[in-house]
Amino acid sequence: MKIRRFAGIAVPVAIIIVAAWRVPQWQRNLARDGVAPYERFGFRAGQEMRAWSRLGGMAAENWALEIRVQELEAELLLLHTLRTDNAALRRQLDCAPRLPHHITAEVLTLGSADGWSQRIRISKGRRQGVRVNNPVVAAEGLVGRVVAASASTADVLLITDVNSRVACAFEPDVASARGILTGTGTRIAGPAGLQLLHTIEPLRLAYLEKELELPQAAKVVTSGIGGVYPRGIPVGVVAEVEQDASGLYQRATVVPFADFSSLRYVSVLVDASLESPEGGQP
Amino acid sequence: MTRAEIPFNLLVLFVVVTLAAVLQDWLPPLPWCGVKAPFLIGVAAYYALLRPWPLALPAVVWSGLLLDGLSSLPGGTGLAAFLAIAAFSAVWGRKQLPENILSSALVGAVTAGLLTFIEYVVLRLCGDLPALDGSFVLSRVVISLIYALPVCAAAAAVAGLLDRLALNVRTEKNAAGFDWSSDSV
């Protein structure tokens with residue numbers, strides 16, 4: 001009887017202590033690196049199946065891709081010239097070269113295991129040079145930033161997450177207008193629309209000057225302020241502008257360029273100046 | 001469970017927990033509410049309700065540690081929830097609930113619903129989530145609960161199948177379903 005009474009108190013107390021225990025980073029890294037090989041296998045199996053299902057249209061797709069590769073090769077040559085010129089000018093002006101390179105990674109998972117935050121896990125980690133706060137982009141535009149990196153994987157907080165903040169500007173430069181882009185929790189599987197009973201909005205660009213007049217479908221890019229995202233990465237397009245509830249600012253609704261429901265490969269922009277020695281936040 | 005049966009029981013435990021973790025992490029969330037398939041809860045409920053304690057405890061603890069490691073929550077809510085399932089099974093579940101997959105699925109579903117709510121509270125307390133509409137949180141809890149029923153049943157069915165194939169449990173079916181006692185044939 002005494003043992004039962006003791007257990008009746010000890011067990012709930014133990015459960016509360018465990019719940020309040022802060023999960024150490026090594027436990028997260030161990031779990032993520034542990035399941036990553038199986039997820040990588042699943043990713044490749046999915047790619048194989050996708051390829052088999054498109055077998056009929058492969059010849060036409062291959063032809064289109066060959067043309068695209070030619071175009072990109074030509075552009076690369078031009079960029080190589082510009083890069084050399086840029087480096088030479090920086091040397092003359094005594095500026096430190098700041099040319100980030102990119103690491104291409106496979107998207108292993110969509111969404112965190114608890115389902116609350118808008119994250120993806122990618123197949124490259126600290127071993128490959130990925131660090132916390134590295135920006136992550138897709139072919140269409142900005143995807144997010146690395147918030148945690150284990151040896152062979154990294155977690156990317158998407159710009160659609162409610163905790164994401166990106167300093168943005170407009171292109172072409174609209175009177176040096178700036179704003180802060182926040183996520184609204186848009187789900188990452190399937191097109192945006194109704195999320196249960198709630199209408200899901202795309203991204204929200206807040207703190208725009210009250211008098212600012214934005215042209216139709218203004219292009220939103222990163223402003224470079226804050227030091228995490230380099231300037232000029234395409235983010236999305238303005239869909240709607242309205243007055244802020246406070247009446248002091250305007251806010252805009254932004255539709256992202258990147259399609260978060262069909263991300264398969266992303267590029268991590270690696271820059272030595274942004275490296276963090278920590279494994280990152282959970 | 002005899003000493004000779006331990007390796008096969010541990011092998012099945014390893015395969016089942018790893019598979020559940022990979023599936024839960026890898027499968028995309030439900031398109032309309034972002035709820036993930038709670039395979040690890042299903043495995044924890046299966047072991048806590050239907051398998052002997054020397055196997056159930058490592059399975060519950062390992063599943064909880066994996067869930068916490070894979071999720072983005074700051075605290076050990078997964079491990080705490082799975083320990084709560086184990087405590088519930090020890091006090092009430094194993095005596096009152098019939099030993100079958102449906103019981104395991106029911107316990108898993110209720111745990112999934114409760115865990116969703118607890119996660120929301122933890123995220124709010126940590127400031128990682130803005131205040132959400134009550135109806136949204138409630139609907140998410142209900143959807144987690146409903147979604148967990150087939151997922152936990154599937155997890156328990158696969159774990160049970162592997163245990164039967166490995167001869168960790170009796171293969172004869174009686175009126176109450178399979179005999180989940182630790183005796184092998």
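**Exercise 1. Helix packing in chain B**

At what angle do helix α2 (residues 39-50) of chain B and α3(B) pack, and how far apart are their axes?

*Solution.* Start with the elements: helices (H or I, at least four residues) and strands (E, at least two) are DSSP runs, numbered from the N terminus. Next, fit the axes: they are lines through C-alpha atoms, for helices over the stretch in contact, with angles from 0 to 180 degrees between N-to-C directions. The two helices pack at about 165 degrees, and their axes lie 8 Å apart. That makes α2(B) roughly antiparallel to α3(B), a term for angles over 145 degrees.

Now list the contact, where two residues count if their C-beta atoms, placed from the backbone, lie within 7 Å. From α2(B) come B:L40, B:V43, B:A44, B:Y47 and B:A48. The residues from α3(B) include B:L55, B:A59 and B:L67. Last, sort the contact residues of both helices: 11 are nonpolar, one is polar and none is charged. Here Ala, Val, Leu, Ile, Met, Phe, Trp, Tyr, Cys and Pro are nonpolar, Asp, Glu, Lys and Arg are charged, and the others, Gly among them, are polar.

The model is predicted: local features need pLDDT of at least 70, side-chain atom pairs count only at pLDDT 80 or more, and totals for chains, interfaces and linings use all residues. Residues are numbered from 1 along each chain as its sequence is written, while chains are lettered from A and ligands numbered from 1 in the order in which they are written.

**Exercise 2. Where the chains meet**

How many residues of chain B are in contact with chain A?

*Solution.* Count each side: 40 residues of chain B touch 38 of chain A. Then find the elements of chain B that give two or more residues: α1 (6-26), α3 (53-70), α4 (77-96), α5 (101-126) and α6 (134-165). Sort the chain B side: 24 nonpolar, 10 polar and six charged.

**Exercise 3. Strands of chain A**

Which strands form the closed barrel of chain A?

*Solution.* Follow the order of the six strands: β1-β2-β5-β4-β3-β14, with antiparallel pairing. Strands pair if DSSP finds at least two bridges between them. The twist averages 45 degrees from one strand to the next. Take one pair: β1 (residues 101-110) and β2 (residues 119-122) of chain A share three bridges. In β2(A), A:I120 is the bridge partner of A:L110.

Move on to β12(A) and strand β13 (residues 250-256) of chain A, an antiparallel pair with seven bridges. A:V237 stands opposite A:V255 in β13(A). Their hairpin has six residues between the strands, and A:G247 takes a positive phi near 80 degrees there.

How values were computed. Angles under 35 degrees count as roughly parallel, over 145 as roughly antiparallel, 65 to 115 as roughly perpendicular and the rest as oblique.
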